[in-house]
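Please open the model in your viewer and keep the sequence panel beside it, since the tour below moves from one selection to the next.

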Amino acid sequence: MHKLNIDEIKKDFPILNQKINGNRLVYLDNGATTQKPIPVIEAIYNYNTKSHGNPHRGAHQLSIRATEEYDLAKERVRKFINAESIEEIIFTRNTTESINLIAYSYGKEFINEGDEIVLAISEHHSNILPWQRIAKEKKATLKYMYLNDDGRIPIEEVKEKITENTKIVSIAHMSNVLGTIHPIEEIIDYGHKMGAIVLIDGAQSTPHINVDVQKLDADFYVFSGHKMLAPMGIGVVYGKKEILESMPPFLMGGDMIEYVYEDHASFAPLPYKFEAGTQNVEGAVGLRAAIEYLEKIGMDNIERHELKLVEYALDKMLSIPYVNVQGPKDLDMRGGIISFTIDDVHPHDVSTILDSYGVAVRAGHHCAQPLMRYLNLPATSRVSFYLYNTKEDVDQFIEGLKNVRKWLGYGS
Ligand code: 7TS
């Protein structure tokens, strides 16, 4: 257990070492995407200058090297989330594609009329729209688990909504708006008791906390590389082998086949059955380097560091009378995301004014319109931390925050 050496870490992220609008850049939009350290950029550079080819195709050296790089990345992902075998790891473009893969493949095959699909009201649109489509096509029922005033899902709500008719429960591990860590162990356990399978959207959790898919007993766990220091365009589906084996392919095309005849085809074994067409090898290489970087620092250390920043920021934000923090206001079961509103000021104005202080935060509905409607808010502003953020970053954000209303002509 050791504190993060932020000065050393910051040296690895050249993009953070610049001024925005005359101020030191403070990047607090890590929920949207994260920045890349030099080892990730170098791994992609090295791949492109030494090993680039189309994997699984040629007998020539570059194709063989690209295949090796791709498989090494897959093994690294397997180990990172403690999956049993690489057959259970499928590369996609991002979390969105991962959920679509499951909805179209598992959903079309196994969800029938009268079945229930259970989500949380706080889901990202990526974990709502594919299920709306399947529910409509299959005449299944879409049900939502609602949050209490603290932004948490009470266990009674879990037990009320998940029933023996539930076929699939799909829920984020951590809310991208409120930072709540949902009680997924209980949800997985109860879902299984009711005979449902459970998909966990790990887009906001995998980059920040230890994930062990076997310990969780999740049926599916999905995430995006670009939220964990890797490039955009690489994402992951973890799925239990026996479930993946029972599912038809999602996309059809090259590389996912065994034999093709004029009128039918047989498919490649897992995981390739779900990886049609040329894959994003340099994205996979970047993801492997990102995981190595995160593991060197230690996921426990990263989680602890972010919680300290949340504690520090929450303490300051809660003491400002016109700042309204949404979601959990203590450190129990939460991660490094804080959504808030400011009295009389639209969140987009908050974001624009903070930008003039060099502070990057996101404003809007965060692709979670049903949650915004449930909270009766048009939008929020959101800060989201990562391993390279510091207390000085929080101070600069709070200083900007204190000036927002003054900018707009309010006394304080
Ligand atoms: N699920 C959750 C919980 C997310 O936070 C996001 C992206 C996605 C799915 C979709 O990920 P993608 O990589 O496929 O786009 N969330 C955000 C956000 O909060 N701000 O920008 C993107």
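Strands, as the word is used here, are DSSP runs of E that are at least two residues long, and they are numbered from the N terminus. The model on your screen is a predicted one, and that should be kept in mind at each stop.

**First stop: a nonpolar patch**

Begin by selecting I257, which is found in strand β11, the run covering residues 257-260. With a relative accessibility of 33%, I257 counts as partly exposed. Now add M252, V260 and F267 to the selection, and you will have, together with I257, a nonpolar patch on the surface whose accessible area comes to about 360 Å².

**Second stop: a pair within a helix**

Turn next to the charged side chains, for which the structure holds 23 salt bridges. Select E75 and R78, which form one of these, with 2.9 Å between the closest N and O atoms. Both residues belong to helix α3 (residues 61-81), where they are three residues apart and therefore separated by about one helical turn. How buried or exposed is each partner? E75 is partly exposed, at 31% relative accessibility, whereas R78, with a relative accessible area of 16%, is buried.

**Third stop: a pair between distant parts of the sequence**

Move on to D115 and K167, whose side chains meet in a salt bridge with an N to O distance of 3.0 Å. Colouring by secondary structure will help here, because D115 lies in the loop between α4 (95-110) and β5 (116-120) while K167 lies in strand β7 (residues 166-172), so that the pair ties together parts that are 52 residues apart in sequence. D115 counts as buried, at 12% relative accessibility, and K167 counts as partly exposed, at 25%.

**Fourth stop: D150 and R152**

Select D150 together with R152, and look for the salt bridge between them, in which the closest N and O atoms are 3.3 Å apart. The relative accessible area of D150 is 35%, which makes D150 partly exposed, while R152 is buried, with a value of 15%.

**Last stop: a network**

Which residues are joined into one network by salt bridges that share partners? To see them, select E69, R76, R288, E292 and E295, and display their side chains together, as these residues are linked into one network through salt bridges with shared partners.

How values were computed. Residues numbered from 1 in each chain as written. Predicted model: local features only at pLDDT ≥ 70, side-chain atom pairs only at ≥ 80, totals over all residues. Heavy atoms only, no water. Salt bridge = Lys/Arg side-chain N within 4 Å of Asp/Glu carboxyl O. Helix = DSSP H or I, 4+ residues; strand = E, 2+ residues; numbered from the N terminus. Buried < 20%, exposed > 50% of the residue type's maximum accessible area, 1.4 Å probe, protein only. Patch = residues over 30% accessible without salt bridge, like charges linked within 9 Å, V, L, I, M, F, W, Y side chains within 5 Å. Areas by Shrake-Rupley, 256 points an atom, 1.4 Å probe, with all protein chains shown as cover.
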